[in-house]
Amino acid sequence: MAFDRFGRNINYLRISLTDRCNLRCVYCMPEDMTFRPRSELLQDDELARLVRLFSGLGFHKFRLTGGEPTVRANVVQLVATMAATPGVEKLAMTTNGLLLDRLAQPLADAGLQRVNISIDTLDPHKFKKLTRWGEVEDVWRGIRAAEAAGLEIKLNAVVVRNYNDGEDVVDLARLTLYQPWQVRFIEMMPFGDVADFQLSGVVTQAELQETIAGALGELRPVNQGVLDGEASLFQLDGAPGKIGFISSISQPFCASCNRARLTADGRLRLCLLREKEVDLMTPLRAGATDEELEAIIKKGIWWKPWGHGLAQDVIPLNRVMSEIGG
Ligand code: SAM
Ligand code: SF4
């Protein structure tokens, strides 16, 4: 098992399959984003090897993200390989859903269990403004395909002031009255070139709760407020679904953090909001043995930072969100 020096057992790896994306969400990357050459990204066999090593170190939950994981070539085969790796118990994906229409069933057949699908508003015009060129109807098609394929579904919405902080939030929360889904609102976090925009547009959990309760009635805490992963969960009266808040800015959950991230270019990122990374790509390509790579991973995990430094104005500038994998 892999522990950090604060006694946290780190057993959840989020893997960015690519830095590329078929959208350009305003809170995630600049419109003129440049991407890395494919040769600089972890290749399929390198990814499969790292997943095997991480699972050998006690990691049992893996989430594929990006960029947009579904634009990675061979994504279905990659999922099948990872799902068949001994020790991999939970395999999930975070996606914008655009390609799920044709990929949901093959991914489910390959062993994917859950999808978190990003949908920040139900309004087609605002969706286009937030994503710069997306069609919300394509996401709906993806959600329906995921449902038909039997994948467990959560919906993610990042809330941005003056874009989707009003009736959009209420419309999304209302879905939980009819669907057994978790709809989760994410506080926008600051990264790289987009940090000023992000910091000026944050909408906090407290404000969101007030907006939702004002329109739809009381939000009752689920599980006495104990976090579900990183989300605090609530329910509307009589609702089959749940409303979650992921509030890294106003209510950080660093004490219970059990995750590490693998960037598409093969760096072990120890905290989403800290620049510290451990290079796995160089030793991997230089012919390191499994034992040598395991030792590098374990040492990196040991030095995982305690928490982020946003309260002290320490903002990660070296990468934007899509390069790390949210
Ligand atoms: N492309 C996929 C998607 O959008 O779901 C996966 C990658 S995306 C980087 C992962 C998650 O991060 C998404 O839910 C997205 O909304 C969220 N995200 C992106 N930029 C963010 C930011 N600045 N603050 C908080 N969440 C962000
Ligand atoms: Fe692409 Fe996801 Fe970033 Fe939007 S949030 S630009 S869909 S990686």
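**Figure 1. Lysine 61 and the ring of tyrosine 12.** The charged end of lysine 61 is placed over the ring of tyrosine 12, at 4.4 Å from the ring centre. The view, like those that follow, is taken from a predicted model. A second arrangement of this kind involves lysine 129, whose charged end lies over the ring of tyrosine 163, 4.7 Å from its centre.

**Figure 2. Surroundings of arginine 63 in strand 2.** The side chain of arginine 63 forms a polar contact of 2.8 Å with the side chain of tyrosine 12. Arginine 63 has a relative accessibility of 3% and therefore counts as buried, the cut-off for that class being under 20%. Apart from neighbours within four places in sequence, arginine 63 is in contact with Tyr12, Leu13, Arg14, Ile15, Ala92, Met93, Thr94 and Asn116.

**Figure 3. Surroundings of arginine 259 in strand 10, residues 259–262.** The side chains of arginine 259 and glutamate 230 are joined by a polar contact of 3.0 Å. With a relative accessible area of 7%, arginine 259 is buried. When neighbours within four places in sequence are set aside, the contacts of arginine 259 are Ile10, Tyr12, Arg14, Gly229, Glu230, Leu270 and Lys304.

**Figure 4. Positions annotated as "binding site" in UniProt.** The unreviewed UniProt entry assigns this feature to Arg14, Arg63, Thr94, Lys154, Arg259, Ala260 and Arg261. Of this set, Arg14, Arg63, Lys154 and Arg259 belong to the lining of the largest pocket. Two annotated positions, Arg63 and Thr94, can be viewed together with Figure 2, since Thr94 is listed among the contacts of arginine 63. Arg14 is likewise among the residues in contact with arginine 63, and Arg14 is also in contact with arginine 259.

**Figure 5. The aromatic pair of phenylalanine 234 and phenylalanine 245.** The structure contains five aromatic pairs. In the pair shown, the ring centres of phenylalanine 234 and phenylalanine 245 are 5.6 Å apart and the ring planes stand at 75°, so the arrangement is edge-to-face; planes over 60 degrees apart fall into this class. The pair links distant parts of the chain, with phenylalanine 234 in strand 8 and phenylalanine 245 in strand 9 (residues 242–246), 11 residues apart. Phenylalanine 234 and phenylalanine 245 are both buried. Together with Phe185, Phe234 and Phe245 make up one aromatic cluster.

**Figure 6. Side-chain contacts of aspartate 165.** Aspartate 165 lies in the loop between strand 5 (152–159) and helix 6 (167–174). The side chain of aspartate 165 makes a polar contact of 3.5 Å with the side chain of arginine 161, and reaches the backbone nitrogen of asparagine 162 at 3.2 Å. Beyond its neighbours within four places in sequence, aspartate 165 is in contact with Val159, Val160, Val203 and Thr211.

**Figure 7. Asparagine residues with positive phi.** Asparagine 74 is not a glycine, yet has a positive phi of about 65°. Asparagine 74 belongs to the loop between strand 2 (61–65) and helix 2 (75–83), and is partly exposed, with a relative accessible area of 49%. Asparagine 223, also not a glycine, has a positive phi of about 60°. Asparagine 223 occupies the loop between strand 7 (219–221) and strand 8 (232–236).

Terms used
Residues are numbered from 1 along each chain as its sequence is written. Chains are lettered from A and ligands numbered from 1 in the order in which they are written. This is a predicted model: local features need pLDDT of at least 70, side-chain atom pairs count only at pLDDT 80 or more; totals for chains, interfaces and linings use all residues. Side-chain values use heavy atoms; hydrogens and water are left out. Helices (H or I, at least four residues) and strands (E, at least two) are DSSP runs, numbered from the N terminus. Buried means under 20% relative accessible area, exposed over 50%, partly exposed in between (1.4 Å probe, protein chains only). A polar contact is a pair of N or O atoms within 3.5 Å; within protein, one must be able to donate a hydrogen and the other to accept it, and residues adjacent in sequence count only if both atoms are side-chain atoms. Contact means heavy atoms within 4.5 Å. Rings of Phe, Tyr and Trp (its six-membered ring) pair if their centres lie within 6.5 Å; planes under 30 degrees apart count as stacked, over 60 as edge-to-face and the rest as tilted. A charge sits over a ring if NZ of Lys or CZ of Arg is within 6 Å of the ring centre and within 35 degrees of the ring normal. UniProt positions are given in the numbering used here, feature names are shortened, and annotations may be inferred rather than shown by experiment. On a 1 Å grid over the protein atoms alone, a cavity is a set of points where a 1.4 Å probe fits but cannot get out, and a pocket is an open set with protein on both sides within 12 Å along at least five of seven lines; lining residues have an atom within 4 Å of a point.
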